[in-house]
Every structure is written in structure tokens, then in C-alpha cells.
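Here are some notes for a colleague who is opening this structure for the first time. They take up the charged pairs and then the nonpolar interior.

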Amino acid sequence: MKNNEKRQGVIAGVSLIVMAILAGFSFGYAHSSLVVESPELTLKNLFENKSLFLAEISGWSLIFVADLLVAISLYFFFRNTSKQVSLITALIRIAYTLLLGVAIVQLFKIIPVLNSENAVSDALMIAKTSEHLQLFEKIWSVGLIVFGLHLIGLGYLSVKSASVHALIGYLLYFGGFSYTLLHSARQLNLSDPGVLNSVEGVLALPMALAEMLLAIWLIYNGVRKSSLKSKSGV
């Protein structure tokens with residue numbers, strides 16, 4: 001493996017792990033804590049915890065940047081495996097990232113509402129905030145359909161690559177199909193939202209595990225080979 005490929009793999013791996021930590025905070029902690037079923041209570045939570053909401057938005061913004069970095073780095077890492085498939089896979093992730101960016105804009109639109117002293121008791125403000133939050137989740141869900149296609153592409157590249165364990169490729173296939181089918185069903189209202197949430201809860205770990213194992217493998221592979229060269233005096 002060339003030095004540039006190793007470097008791009010490490011960059012992608014580190015970026016993926018950073019994104020996982022940021023997503024755990026922004027969505028797993030902040031968003032889940034602030035956004036509840038009641039629109040009135042949600043706006044009250046946002047108003048009373050502005051700093052946490054701004055931290056959430058900052059986290060999403062960093063995820064947006066890291067996603068672009070991952071798309072480019074993985075393209076260069078897998079380019080020798082299949083330049084065409086690698087390029088298509090990268091472009092699909094960029095398309096997903098742009099959709100994520102559009103979703104994040106909806107969160108930014110809530111900030112002016114929180115600067116109004118009467119926001120919590122204003123029915124129009126409550127409705128606007130609820131609309132922006134619903135749009136954020138809807139657009140992001142559409143993006144995750146595209147993201148699933150990206151994982152399928154990564155699965156193909158990983159199985160074909162001599163630098164990645166084939167098992168990781170098959171896990172990426174599983175994660176990709178899960179994301180795409182689950183969020184397609186959500187967008188098309190093919191099942192009860194409660195059922196889909198339950199299925200997502202069961203599949204969440206294996207879906208996330210695929211990219212995390214790829215990240216760890218990319219970092220280990222790059223560092224291990226660099227260490228071996230250093231010991232041999234190369």
C-alpha cells in the first residue's frame with residue numbers, strides 16, 4: 001500500500017471516529033434531551049438551554065465538514081481498487097452531506113426564535129420551531145437513504161480491496177441496506193412509526209458498527225504498516 005493511501009485511510013478513520021463522538025453528543029444527547037413530543041415543552045427546553053442547543057448546532061456543523069473530508073479521503077484510499085466505483089461512492093456521500101447541510105440550516109432558523117422574550121408563549125413561534133425541527137428530521141432521514149447507498153458502495157470496495165478485511169465489507173452491505181430500506185419505509189409511510197423506531201433500535205448497533213470497524217481498521221492498517229517500516233529502517 002502506498003504512503004498516500006495509508007495517509008488517506010488514517011484521515012478517513014480518524015474523521016469517522018470524531019464524527020461518531022460528535023453525533024453521539026449532538027443527536028444522542030443534546031437533540032434527544034431538548035426535543036420532546038410536546039412542541040410547547042420543546043420550545044421551553046430550547047429557550048432555557050440555548051447554550052446546549054448552540055452546542056448541538058456546532059456539533060452538526062463539524063459533522064458536515066468531517067463528512068466531506070471522509071468522502072474525499074475514502075475516494076483516494078479506494079481509488080486503486082476501482083476508480084469509477086470509488087468516485088461514484090464519494091459523490092453519493094457528498095450528496096448525502098449536502099442534504100445534511102440543508103437539514104442543519106433548519107436548526108439555524110430556530111436561533112432567532114430563541115432571541116424573542118415571548119417565544120415560549122407565542123403560538124406562532126411554537127409552530128415555527130416545531131416545523132423547523134420536523135423538517136430537520138425529515139430531510140436528514142431522506143439523506144440517510146442516500147447514505148445507505150454510500151455504505152453499499154463502500155461494502156463493494158471493501159470486499160474487492162486487498163487492504164480491508166472482507167467481513168467489514170459485508171457489514172457495510174448490511175448497514176447500507178438497513179439505512180436505505182428503513183428510511184425509505186419511513187418516508188413512504190410503509191409502516192407504523194413506532195414499529196420503524198423499534199426496528200431502528202434493534203439495527204442501530206450493527207448499522208453503526210460497520211463504519212466504526214472500518215474506521216478502526218483504516219487507522220490500524222495505516223499505523224501498523226508505518227511502524228513496520230520504521231522498525232525495518234525504511
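1. Searching the whole structure, which is a predicted model, turns up 4 salt bridges. The points below go through several of them, beginning with a pair that lies within one helix.

2. Lys44 and Glu48 are joined by a salt bridge between their side chains, with 2.8 Å from N to O. Both belong to helix H2, which covers residues 39-48, and because they are 4 residues apart there, about one helical turn separates them. As for its surroundings, Lys44 has a relative accessibility of 36%, so it counts as partly exposed.

3. A second salt bridge is formed by Asp67 and Arg93, whose closest N and O atoms are 2.7 Å apart. Here distant parts of the chain are linked, since Asp67 sits in helix H3 (residues 50-78) and Arg93 in helix H4 (residues 83-108), with their positions 26 residues apart in the count. Are these two residues buried or exposed? Asp67 and Arg93 are both buried.

4. Arg93 also forms a salt bridge with Glu211, and in this case the closest N and O atoms lie 2.8 Å apart. This pair, too, links distant parts of the chain: Arg93 belongs to helix H4, whereas Glu211 belongs to helix H8 (residues 193-231), and the two are 118 residues apart. Arg93 has a relative accessible area of 0% and is therefore buried, and Glu211, with a relative accessible area of 10%, is buried as well. Which residues do the salt bridges with shared partners join into one network? They are Asp67, Arg93 and Glu211.

5. Turning to the nonpolar interior, the largest nonpolar core has 48 residues, and the members that touch the most others are Phe53, Trp60, Leu107 and Trp140. At least two residues of this core come from each of H1 (3-34), H2, H3, H4, H5 (111-114), H6 (123-160), H7 (166-187) and H8, every one of them a helix. Which helix gives the most to this core? That is H6, which contributes 11 residues.

6. Trp140, one of the core members named above, deserves a separate look when the model is on the screen. If its neighbours within four places in sequence are left aside, Trp140 is in contact with Phe27, Trp60, Tyr96, Leu100 and Ala103. Trp60 in this list is also among the core residues that touch the most other members.

Key:
Residues numbered from 1 in each chain as written. Predicted model: local features only at pLDDT ≥ 70, side-chain atom pairs only at ≥ 80, totals over all residues. Heavy atoms only, no water. Buried < 20%, exposed > 50% of the residue type's maximum accessible area, 1.4 Å probe, protein only. Core = buried A, V, L, I, M, F, W, Y, C linked by side-chain atoms within 4.5 Å. Contact = heavy atoms within 4.5 Å.
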